[in-house]
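This report describes the architecture, the nonpolar cores and selected side chains of one protein chain. Please consult the sequence and the structure shown here while reading.

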Amino acid sequence: MSLQWTAVATFLYVEVFLVLLLCIPFISPKRWNKIFKSRLIQTIALYGNTWFMVAIAILVFLLIDAFREVRKYSVTEKVDLTNNPTAIEHIHMKLFRAQRNEYIAGFALLLCLLLRRLATLLSQQASLMASNEAFKKQAEGASTAAKKFMEENELLQEKLQDAGIEVPEAGKPKGGGVQEENKTLKEEVKTLKQELETSKKALQKSDSDVSAMKKQAENLTVEYDRLLEEHSKLLASSDKKSD
């Protein structure tokens, strides 16, 4: 394997490791978000888009080159080489290497895009979870304040009745000031509950997206292991023919 393809294969192994690391279930999106927002990662991210585009361009170029090599050595069906077994073996070896390089470049390109998408989804999920908790605390605070205000209002009405002061009908004060405040508080609680429900739906959608990406990454890893196994078998058969 040449130096450039050794580097691409190493890059592919690193990508597989990072995808498996991001798919670990017991590391929460909040912790990943803290890692992504660390000073080191932020420093790397300053040039991350440039590096990402350069890596994509290189992998696309290598994929096209590997595809060209596969077409170049796929001539055994078009050219009669039955009288030259050495040439057939040489062409098969070149074709095998070209197909191997094509798979390596293709999977490296796919996992590069997958890693970027996974990191984005994990950050979005962490943000949604933080918003969900903030809305929940705000709604609970508003609900507690409304209940406390109503209890104080009832206690005040009882004291007024005990003092012999006439209380408006149904325990409602004149002017409707307290009633309006109660109504406003109820509307605020209702609004906060609606925002909380919207945040929960968005969080569930983000969870489903992350689960789908994790499942896709696991399928890609299984497929890559299968291809490595086929590569080992083909390499062994090629060594036997050379012997």
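## Cysteines

The model described here is predicted. Cys23 has a relative accessibility of 12% and therefore counts as buried, the limit being under 20%. Cys112 is likewise buried, at a relative accessible area of 8%. Across the whole structure, the search for disulfides returns zero.

## Overall architecture

The chain contains six helices and zero strands. Read from the N terminus, the order of elements is α-α-α-α-α-α. The chain has 243 residues, of which 28% are buried.

Among contacts in the chain with a separation of 6 or more, 85% join residues that are 24 or more positions apart.

## The nonpolar cores

In soluble globular proteins, nonpolar side chains tend to be buried together. In this model, the largest nonpolar core has 34 residues, and the members that touch the most other members are Val8, Leu12, Val19, Leu22, Leu111 and Leu114. Two or more residues of this core come from each of helix H1 (3–22), helix H2 (29–36), helix H4 (48–73), helix H5 (85–162) and helix H6 (177–242). The greatest share is that of H5, which gives 12 residues.

Which residues does Val19 touch, leaving aside those up to four places away in sequence? They are Leu111, Leu115, Leu118 and Ala217. A second core, separate from the largest one, consists of five residues, including Val70, Tyr73, Leu95 and Ala98.

## Helix H4

H4 is built from 26 residues. From its first C-alpha to its last, H4 reaches 37 Å, which is close to the 38 Å expected at 1.5 Å a residue.

The buried residues of H4 are Phe52, Ala55, Ile56, Leu59, Leu62, Ala66, Glu69, Val70 and Tyr73. An α-helix has 3.6 residues a turn, so residues three or four places apart point the same way. Two of the buried residues of H4, Val70 and Tyr73, also belong to the second core.

## Aromatic and charged side chains

How many aromatic pairs does the structure hold? The number is zero. Phe52, one of the buried residues of H4, nevertheless has a charged partner: Arg116 lies over the face of its ring, 4.5 Å from the ring centre.

Technical notes
Residues numbered from 1 in each chain as written. Predicted model: local features only at pLDDT ≥ 70, side-chain atom pairs only at ≥ 80, totals over all residues. Heavy atoms only, no water. Disulfide = S-S within 2.5 Å. Buried < 20%, exposed > 50% of the residue type's maximum accessible area, 1.4 Å probe, protein only. Core = buried A, V, L, I, M, F, W, Y, C linked by side-chain atoms within 4.5 Å. Helix = DSSP H or I, 4+ residues; strand = E, 2+ residues; numbered from the N terminus. Contact = heavy atoms within 4.5 Å. Phe/Tyr/Trp six-rings, centres within 6.5 Å; stacked < 30°, edge-to-face > 60°. Lys NZ or Arg CZ within 6 Å of the ring centre and 35° of its normal. Expected span 1.5 Å × (residues − 1).
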